[in-house]
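Student: Could you take me slowly through one part of this model, the place where the two chains meet? I would like to know what builds it and how the two sides are arranged.

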2 protein chains.
Amino acid sequence: MKILLKSTLSAAGIAAISVTGVLAADDGEQSNIKELLSTYEAALNASNTNAIMQLYADDGVFMAPHSPPNIGKQAVRNAYDAVFDAITLKIDFEVDEITQVAPNWAFARTRSHGFVTINVTGDSGPEANQELFIFARTDDGAWKIARYIFSATTPPRQ
Amino acid sequence: MKILLKSTLSAAGIAAISVTGVLAADDGEQSNIKELLSTYEAALNASNTNAIMQLYADDGVFMAPHSPPNIGKQAVRNAYDAVFDAITLKIDFEVDEITQVAPNWAFARTRSHGFVTINVTGDSGPEANQELFIFARTDDGAWKIARYIFSATTPPRQ
């Protein structure tokens with residue numbers, strides 16, 4: 001009854017999901033959301049703000065560490081432009097969970113890891129984060145990023 | 001048609017929400033979720049893991065910065081115990097948005113700010129974060145924290 005990646009849940013030792021109201025599995029929507037996540041990964045690695053903006057809802061919110069929430073398309077665009085001015089990413093996403101909770105709403109939990117290069121210095125180092133996405137489906141049937149927040153899983157800088 | 005804090009949205013310059021499928025406003029559920037958030041705030045400020053665990057779903061996931069995701073009640077409990085061993089919080093939550101997307105699913109976006117004290121040194125300093133909560137309603141009608149992630153809104157340490 002749950003749209004979840006069961007192998008991941010099993011690996012995490014979760015035997016059952018107690019919450020109610022999750023929609024019956026719909027492999028089509030699961031695939032559509034996975035494709036959105038793949039497109040997002042590719043756009044991040046290409047430092048391509050325009051490609052990312054295609055994935056966001058008009059009222060999307062992007063919550064990046066060390067910044068207040070970026071609310072709405074213009075603020076989201078400015079935030080990604082600032083990110084790509086500062087750094088270049090080469091990361092892979094691992095999808096831990098995709099759960100559809102309503103016909104037009106779903107969320108995903110992912111982790112990402114790879115390398116980040118500081119553009120101004122050329123210095124490169126490892127990068128690892130965890131992400132929570134909330135997706136909304138628009139009237140034309142496309143899933144969009146409605147809310148998105150991430151944080152590092154690496155130890156804090158000393 | 002949207003369960004949203006309109007004053008906040010208005011302040012943020014959002015004139016319309018484009019995504020579809022949001023439930024009709026239900027002030028009762030909005031109040032219940034606000035109460036959950038208030039209880040969470042109080043439990044954090046009291047360093048009370050037991051009180052926090054009452055608020056989490058059995059399969060809840062707690063995603064704290066600088067740690068991999070904590071999945072399921074035992075991992076969530078261990079993570080909060082570790083937090084409260086290390087620091088004491090005195091923070092206030094500001095609710096930017098509560099959106100119910102299905103009878104048993106909702107999410108909230110908040111910001112928190114206040115002070116953190118490092119227990120071992122007694123050093124205290126300002127603390128500011130942004131949070132994204134996903135809530136699930138259990139069979140007995142209680143809203144629980146199903147997924148929760150936060151990150152600092154303060155500049156990175158130099």
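**The interface of chain A and chain B**

Tutor: In this predicted model, the program's rule finds ten residue pairs in polar contact across the interface of chain A and chain B, counting pairs in which both residues reach pLDDT 80 or more. On the chain A side, at least two residues each come from β1 (56-63), β3 (87-102), β4 (105-118), β5 (124-137) and β6 (143-152), and among these strands β5(A) gives the most, with six residues. If you sort the residues with which chain A touches chain B by their character, you find 26 nonpolar, twelve polar and ten charged ones. Two salt bridges are counted between chain A and chain B, and one of the pairs that form a salt bridge is Glu97(A) with Arg147(B), whose closest N and O atoms lie 2.6 Å apart.

Turning to the contact as a whole, 48 residues from chain A and 48 residues from chain B take part in it, and the area buried between the two chains is about 4100 Å², with 65% of that area coming from carbon and sulfur atoms. As for the arrangement, chain A is superposed on chain B by a rotation of 180° with 0.0 Å of shift along its axis, at an RMSD of 0.0 Å, and the two copies are therefore related as by a two-fold rotation axis. Finally, 100% of the interface residues of chain A are also interface residues in chain B, which means that the copies meet through the same surface.

Technical notes. Residues are numbered from 1 along each chain as its sequence is written. Chains are lettered from A and ligands numbered from 1 in the order in which they are written. This is a predicted model: local features need pLDDT of at least 70, side-chain atom pairs count only at pLDDT 80 or more; totals for chains, interfaces and linings use all residues. Side-chain values use heavy atoms; hydrogens and water are left out. Contact means heavy atoms within 4.5 Å. Buried area is the accessible area (1.4 Å probe) that two parts lose on being put together, summed over both. A salt bridge is a side-chain nitrogen of Lys or Arg within 4 Å of a carboxyl oxygen of Asp or Glu. A polar contact is a pair of N or O atoms within 3.5 Å; within protein, one must be able to donate a hydrogen and the other to accept it, and residues adjacent in sequence count only if both atoms are side-chain atoms. Helices (H or I, at least four residues) and strands (E, at least two) are DSSP runs, numbered from the N terminus. Ala, Val, Leu, Ile, Met, Phe, Trp, Tyr, Cys and Pro count as nonpolar, Asp, Glu, Lys and Arg as charged, and the others, Gly among them, as polar. Copies are superposed by least squares on the C-alpha atoms of residues with pLDDT of at least 70 in both.
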